Amino acid sequence: MSSNLRIDGARLVSRLMALSAIGATPEGGCRRLALSDEDKQGRDWLVGQLQALGLDVKIDAIGNIVGILKGREDGPAVIMGSHIDTVGTGGRFDGALGVVAGVEVLATLRDAGLVPKRDMAVIAFTNEEGARFHPDMLGSYVWAGGMSVAAAHAELDADGAVLGTELRRIGYEGAEKPGFLPAHAYLEMHIEQGPVLESEGGGLGAVTGIQAICWLELTLKGRPSHAGTTPMAYRKDPGLAAARINIFANEVTKTIPGQLANSGVIRVQPANVNVVPETVVMTLDLRNPLDAPLAEAEATIRSFCAELAERDGIEISFRDLARFPATPFAEELIAGMEQSAAELGLPIRRMISGAGHDAQMMSRLCPTAMVFIPSIGGLSHNPAEFSTDEDMTAGANVLLSAAWRVANA
Ligand code: HGY
Ligand code: MN
Ligand code: MN
Ligand code: MN
């Protein structure tokens, strides 16, 4: 590839904006929950883009969408990708940018008449966010063999909708077996989703790996009673216990280095102003760059809950929603991202990813790395999520260079 080949930044941005119009929210973000009608529209749009490029388009049994540019030789492919599903308060860039950047890399090679030694592909994984179905990174987890198609199809959302039924409803239960395309390497471009790059004056991130993650669902069962007549000492109040657990999980982040905790879901039943709750379902999102301190944090929180249940006379049960270890990326690919940025005269620094990504799953299969671009204001999972055209173009040029190098090595 001539060293001055570049992606078409305007085309990259216009594709991203076209996708962003699907599931656009009044606040300026996107809401395309996995397997929703908006997700289907986004999928239909993407398939149309891949077909228009003349790529070989395949869909697997969990709805992962793959566009393949044939190489000169048969064998494992260099895959680029991410996801197009969003969280409920999603932005325009999380996931979508990595998919349209992969499309842009293949379009650029096609325009230049360049045929790589190896197949190159772009993939959009199903349900990366885990906002509707669990675990997160589900499509790449199934692709990487971590979860069976049957188990994934049986997953339920909070309203009892069945993943497999939803997949068929939107017409995306494909014929291919997940993982059908052997991977030589996986490269993902993504927004940082945090403040680090921007706070250091910008530049790109050569991602060294992804922190460990543990999502727990807690069901707290107490005794519904009258909020006016029941003396405090007589109450079995799961609502109060849930608040205590949330505060305790936050306290643990002060004693265990690198520990993060979030309680994003708290559902109270019967949710009446004058009833001491009967049941509370809450979630804990626990993360740490290292596995051992995360395990320590989880154990500490579980023993706090056991004591609380005993003392307050309530039942507390746990369900795993997601549990993935800290995941280091491949040194030669991280160095490749740095080399590509240097050749393009772009500043880049190594960093860990706070967020989970499909790359966390793909690293089970093949050498994997990511390139980050700055998130303005460090915001993500927020409609105000923003990255500049310039940074998107820079990141996609690094992706082009790094992917081409590994596809021809
Ligand atoms: O939660 C995460 O880190 C990812 O956005 N699913
Ligand atoms: Mn993402
Ligand atoms: Mn996300
Ligand atoms: Mn993610």
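Which residue in β13 is the bridge partner of T219? The answer is S317, and the paragraphs below place this pair in its sheet before turning to the metal ions, a helix pair and a loop residue of this predicted model.

## Strand β7 and its partners

Strand β7 covers residues 212–221, and nine of its ten residues are buried, so the strand is largely enclosed by the rest of the structure. The strand β13, which spans residues 315–324, runs antiparallel to β7 and is joined to it by nine bridges; the pairing of T219 with S317 in β13 belongs to this part of the picture.

β7 is also joined to strand β12, made up of residues 279–288, and here ten bridges are found, again with the two strands running antiparallel. Within this pairing, L216 stands opposite L284 of β12.

## The manganese ion written as ligand 2

The protein donors of the manganese ion (ligand 2) are the NE2 atom of H83, an OD atom of D94 and the NE2 atom of H190, which lie 2.0 to 2.3 Å from the ion. Along the sequence these donor residues follow the spacing H-x10-D-x95-H. D94 is found in the loop between β3 (77–83) and α3 (96–111), whereas H190 belongs to strand β5 (residues 183–191), so this pair ties together parts of the chain that are 96 residues apart in sequence.

Are these two donors buried or exposed, judged by relative accessible area? D94 is buried, with a relative accessible area of 6%, and H190 also counts as buried, at 1% relative accessibility.

## The manganese ion written as ligand 3

The manganese ion (ligand 3) is coordinated at 2.1 to 2.6 Å by D94 through OD, by E129 through OE, listed twice, and by H381 through NE2. The donor residues are spaced D-x34-E-x251-H in sequence. E129 sits in the loop between β4 (120–125) and α4 (138–143), and H381 in the loop between β16 (368–373) and α12 (389–408), so the two together tie parts of the chain that are 252 residues apart in sequence.

The surroundings of these two residues can be described through their accessibility: E129 is buried, with a relative accessible area of 8%, while H381 counts as partly exposed at 38%. The link between the two metal sites is D94, which coordinates both manganese ions, and the ions themselves are 3.6 Å apart.

## Helices α10 and α12

Helix α10, formed by residues 331–343, packs against α12 at an angle of about 125°, with the two axes 9 Å apart. That angle makes α10 oblique to α12, and the crossing of the two helices is right-handed.

The residues that meet at this packing include L333, G336, M337 and A341 from α10, and on the side of α12 they include V398, A402 and V406. Among the others taking part are Q339, S340 and E343 in α10, together with S401 and R405 in α12.

## G28 in its loop

G28 lies in the loop between α1 (9–20) and α2 (37–52), and at 33% relative accessibility this glycine counts as partly exposed. When its neighbours within four places in sequence are left aside, G28 is in contact with R92 and P383. V142 is 114 residues from G28 along the chain, and the C-alpha atoms of the two are separated by 32 Å.

Key: Residues are numbered from 1 along each chain as its sequence is written. Chains are lettered from A and ligands numbered from 1 in the order in which they are written. This is a predicted model: local features need pLDDT of at least 70, side-chain atom pairs count only at pLDDT 80 or more; totals for chains, interfaces and linings use all residues. Side-chain values use heavy atoms; hydrogens and water are left out. Donors are N, O and S atoms within 2.8 Å of the metal (3.2 Å for Na, K and Ca); water is not among the atoms, so sites may look incomplete. Helices (H or I, at least four residues) and strands (E, at least two) are DSSP runs, numbered from the N terminus. Buried means under 20% relative accessible area, exposed over 50%, partly exposed in between (1.4 Å probe, protein chains only). Two strands pair if DSSP finds at least two bridges between them. Axes are lines fitted to C-alpha atoms, for helices over the stretch in contact, and angles run from 0 to 180 degrees between N-to-C directions. Angles under 35 degrees count as roughly parallel, over 145 as roughly antiparallel, 65 to 115 as roughly perpendicular and the rest as oblique. A crossing is left-handed if the near helix is turned anticlockwise from the far one by less than a right angle, and right-handed if clockwise. Contact means heavy atoms within 4.5 Å.
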